[in-house]
Each structure stands twice: as C-alpha cells, then as structure tokens.
Amino acid sequence: MIQVSHYQKIWHTVQLIPKGYVAGYGQIADLAGLPGRARMVGKSLGATPKGMFIPWFRVLRSNGQIAFPSGSELAAEQTGLLQQENVVVLNNRVKMKVFQWKPDLIEILSKLKY
DNA sequence: CTCGTGACCTTCA
DNA sequence: GTGAAGGCCACGA
C-alpha cells in the first residue's frame, strides 16, 4: 500500500475523465475515495504543479455550471477547451444530463489500486 | 496547538 | 429562477 497525498489521488482521478465528458467536484472527490471533500478537489486543482497535464476543465460544479464567474479568464479558457472537445457550453454552464461522465467501477479500481 | 481559507454541496425560503 | 446558511475537512501560517 503506497502512501499518497490526497492531491495525488485527485489529480489521478481527474485524468481518468474521458475526452468529451465532464464530472462534478463532488463526484471526483467521491471517486478519489474522499466523500464529502469536494472543496479539497478545488484546492488540489489550484495546487496543480505546472508542467503536469491535468484536464481540470472537465471538472464542473454539480449543477453543471463552471466554477468561475463568467467573464473571468479562467472561465473563458475552460469554455474554449470544453468546446474543443465537442462539449457544448452555454451561459457558463453545461448540460450534465448529456455530458456527465459515468465511470466504470472496474476502471477506477484498476487505476487507483494503491 | 489554533485559525483562516477554499476552482464545493445541499437544503430551505 | 435566486440567495443565504450550515456543513464538510485538509492544508499552510
């Protein structure tokens, strides 16, 4: 059993999100084995080491809205990256009903077997 | 050790 | 649809 920081687990989990899909902060926290720690996900993404690729733009709020105020640079950046992957973004939000990632337990377990 | 902080979530009015 | 309030807890100073 390797000891890893929660940040590492979160980053790893986020990288499992397939192209063209999105997931919620709470969802990521749950999959990373940290139920109820949605806020930690945000912290982690903010602390993401530069140079390491993390599809942070595929992570949205549970209601499908982008976590940044519309108009901010990050929001624009995220919107652009999502649309680049065929994800429709309108008024700073995404239709979770259509684009939400439905993870396979087998996939998660095999990728996160620490 | 205590305190402040946070890219959140859910519930209720 | 909106907004406020409470809960959650790791992390850094």
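In this predicted model, DNA strand C is surrounded by His6, Tyr7, Arg37, Arg39 and Met40, where a residue is near a strand if one of its heavy atoms lies within 4 Å of it. Of the DNA strand C atoms that come within 4 Å of the protein, 65% belong to sugar and phosphate. The bases get a look-in too: an N or O atom in the side chain of Arg39 sits 3.2 Å from a base oxygen of DNA strand C. At least two residues of this surface come from each of α1 (6-14) and α3 (38-46), helices being DSSP runs of H or I with at least four residues, and strands E runs of at least two, numbered from the N terminus.

As for how these helices pack, α1 and α3 meet at an angle of about 85°, with their axes 9 Å apart; axes are lines fitted to C-alpha atoms over the stretch in contact, and angles run from 0 to 180 degrees between N-to-C directions. So α1 is roughly perpendicular to α3, a label covering 65 to 115 degrees. On the α1 side, Tyr7, Ile10, Trp11 and Val14 touch Met40, Val41, Lys43, Ser44 and Leu45 of α3, contact meaning heavy atoms within 4.5 Å.

Over in the loop between α1 and β1 (23-24) is Ile17. With 2% relative accessibility, Ile17 counts as buried (under 20% relative accessible area, 1.4 Å probe, protein chains only).

Residues are numbered from 1 along each chain as written, with chains lettered from A and ligands numbered from 1 in written order. Local features need pLDDT of at least 70 and side-chain atom pairs 80 or more, while totals for chains, interfaces and linings use all residues; side-chain values use heavy atoms, without hydrogens and water.

Definitions and conventions
A polar contact is a pair of N or O atoms within 3.5 Å; within protein, one must be able to donate a hydrogen and the other to accept it, and residues adjacent in sequence count only if both atoms are side-chain atoms. Angles under 35 degrees count as roughly parallel, over 145 as roughly antiparallel, 65 to 115 as roughly perpendicular and the rest as oblique. Buried means under 20% relative accessible area, exposed over 50%, partly exposed in between (1.4 Å probe, protein chains only).
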